[in-house]
Amino acid sequence: MTSTPDLLMNNGVTMPALGFGVFQSSPEETAAAVETALRVGYRHIDTAAAYFNERQVGEGIRRSGVDRADVFVETKVWVSDYGYDTTLHAFDKAARKLGVDQLDLLILHQPAPDRFDQTIAAYQALETLLADGKVRAIGVSNFMPHHLDELLKQTTIVPAVNQIELHPYFAQPEVQRADAEHGILTQAWSPIGGITFYPGWGEHRRNVLDDPTIGAIAAEHGKSPAQVMLRWQLQHGRSAIPKSTNPGRIAENFDVFDFELTADQVASMDALDTGVRNGPDPDVARPEMFARVIPED
Ligand code: A2P
């Protein structure tokens with residue numbers, strides 16, 4: 001099989017399980033990477049206003065020659081645009097940069113713990129965008145179970161997706177459980193553990209790509225550690241959005257549909273969870289994140 005399976009979201013819309021990520025892809029590299037990904041077979045691109053490369057994602061989609069209707073386009077509203085009216089406007093900004101009329105999935109980038117009322121208002125704007133047909137699905141990212149509980153108390157539509165840091169060294173089982181209980185699809189960011197080795201994200205991290213258990217499983221299948229991690233994500237029923245700007249690795253990360261992990265292999269990867277987060281803690285207020293302004297164009 002050379003195409004990614006679809007996942008059914010709680011609103012009846014389907015999403016290609018394996019998407020293409022562009023976090024930390026520079027604007028110069030992004031259009032070429034997206035074009036390559038679509039030519040290889042990816043049909044789902046995940047970006048964010050705060051990545052400052054939505055324009056280049058749109059350009060890559062157009063350059064690829066793949067029909068817009070055949071690509072699942074996902075982006076995120078940044079916290080400085082939270083609030084009802086500003087989030088409605090954030091849709092306009094994103095759609096204009098991406099060059100699309102409708103988004104397939106629009107999610108809140110993260111909770112703003114010290115301005116949760118604005119986070120709720122932003123989500124209410126997503127509900128309006130959904131009702132108006134501007135977006136096909138809405139969701140959240142980096143929401144912990146207590147954020148979900150609070151959101152569900154104050155809003156009407158259950159998020160379709162919660163995108164969270166999720167790789168073998170940090171699998172967040174309690175968040176996955178809460179997502180499942182609410183019928184929310186869990187989507188993995190840094191699905192091959194890029195956050196465990198990105199430069200500048202903290203010392204003393206262990207690179208999950210070098211993990212001996214994963215290396216041994218990869219050798220048994222004649223596959224790479226990254227491919228084994230993506231299989232692990234997909235066999236758990238999650239969406240995953242690996243990032244690469246390297247054409248060889250873009251193709252490698254999509255070549256994961258010709259093998260299957262055994263239940264024991266999946267279990268031994270599940271056992272690697274350290275419970276230690278590598279990315280930012282969604283419960284810690286970081287006032288500087290509001291200083292990042294999303295431009296109009
Ligand atoms: P590059 O863009 O040079 O390929 P994640 O999506 O889990 O955050 O991982 C992204 C990181 O992993 C990037 O640094 C990316 O670098 C690297 N990467 C992507 N695919 C592979 C792969 N198949 N093998 C090793 N590293 C990879």
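Start by selecting Tyr84, Thr87, Leu88 and Phe91 in α3: they meet Ala121, Ala122, Gln124, Ala125, Leu126, Thr128 and Leu129 in α4. Keep in mind, as you go round, that this is a predicted model.

**Helices α3, α4 and α5**

Now widen the selection to the whole of both helices, residues 84-98 for α3 and residues 116-131 for α4. Their axes lie 7 Å apart and the packing angle is about 50°, which makes α3 oblique to α4. Turn the view until one helix lies in front of the other, and you will find a right-handed crossing of α3 and α4.

Leave α4 on screen and add α5, residues 145-154. Here the axes are 10 Å apart, and the angle is about 55°. α4 and α5 are therefore oblique to each other, and their crossing is right-handed. To see the contact itself, show the side chains of Phe116, Ile120, Tyr123 and Gln124 in α4, which meet His147, Glu150, Leu151 and Gln154 in α5. Gln124 deserves a second look: this α4 residue takes part in the contact with α3 and also in the contact with α5.

**Just past α5**

Which loop holds Ile157? Follow the chain to the loop between α5 and β8 (161-165), and you will find Ile157 there. Ile157 counts as partly exposed, at 29% relative accessibility. Select its surroundings, leaving aside neighbours within four places in sequence, and the contacts of Ile157 are Tyr123, Glu127, Leu130 and Ile138. Tyr123 is familiar from the contact between α4 and α5. For a sense of scale, draw a distance from the C-alpha of Ile157 to that of Lys243: the two are 29 Å apart in space and 86 residues apart in sequence.

**Helices α1 and α2**

Move next to α1 and to α2, residues 54-64. The two axes cross at roughly 35° and come within 7 Å, and α1 passes α2 in a right-handed crossing. On the α1 side, select Pro27, Thr30, Ala31, Ala32, Val34, Glu35, Leu38 and Arg39; their partners in α2 are Gln56, Val57, Glu59, Gly60, Ile61, Arg63 and Ser64.

**The aromatic rings**

Time to colour the aromatic side chains. How many aromatic pairs does the structure hold? There are 8. One of them joins Phe23 to Trp201 in an edge-to-face arrangement, with 6.2 Å centre to centre and 75° between the planes. Phe23 lies in the loop between β3 (20-21) and α1 (27-40), and Trp201 lies in the loop between β9 (185-189) and α7 (212-221), so the pair ties together parts that are 178 residues apart in sequence. Phe23 is partly exposed, with a relative accessible area of 25%, and Trp201 is also partly exposed, with 28%.

For another pair, go to Phe254 and Phe257, which are edge-to-face with 5.4 Å centre to centre and 75° between the planes. Are these two rings' residues buried or exposed? Phe254 counts as buried at 5% relative accessibility, and Phe257 counts as buried at 9%.

Now return to Phe23 and add Tyr51, Phe197, Tyr198 and Trp201: ring pairs link these residues into a cluster.

**Charges over rings**

Two arginines come next. Select Arg206 and Tyr169: the charged end of Arg206 sits over the Tyr169 ring, 4.4 Å from its centre. Then select Arg238 and Trp232, where the charged end of Arg238 sits over the Trp232 ring, 4.5 Å from its centre.

**Two backbone stops**

Finish with the backbone. Most residues other than glycine have a negative phi. Gln24, which is not a glycine, has a positive phi of about 70°. Look for Gln24 in the loop between β3 and α1, the loop that also holds Phe23. Gln24 is partly exposed, with a relative accessible area of 40%.

The last selection is Gln172, whose phi is near 45°, again a positive value in a residue other than glycine. Gln172 is placed in the loop between β8 and α6 (173-182). Is Gln172 buried or exposed? At 2% relative accessibility, Gln172 counts as buried.

Technical notes: Residues are numbered from 1 along each chain as its sequence is written. This is a predicted model: local features need pLDDT of at least 70, side-chain atom pairs count only at pLDDT 80 or more; totals for chains, interfaces and linings use all residues. Side-chain values use heavy atoms; hydrogens and water are left out. Rings of Phe, Tyr and Trp (its six-membered ring) pair if their centres lie within 6.5 Å; planes under 30 degrees apart count as stacked, over 60 as edge-to-face and the rest as tilted. Helices (H or I, at least four residues) and strands (E, at least two) are DSSP runs, numbered from the N terminus. Buried means under 20% relative accessible area, exposed over 50%, partly exposed in between (1.4 Å probe, protein chains only). A charge sits over a ring if NZ of Lys or CZ of Arg is within 6 Å of the ring centre and within 35 degrees of the ring normal. Axes are lines fitted to C-alpha atoms, for helices over the stretch in contact, and angles run from 0 to 180 degrees between N-to-C directions. Angles under 35 degrees count as roughly parallel, over 145 as roughly antiparallel, 65 to 115 as roughly perpendicular and the rest as oblique. A crossing is left-handed if the near helix is turned anticlockwise from the far one by less than a right angle, and right-handed if clockwise. Contact means heavy atoms within 4.5 Å.
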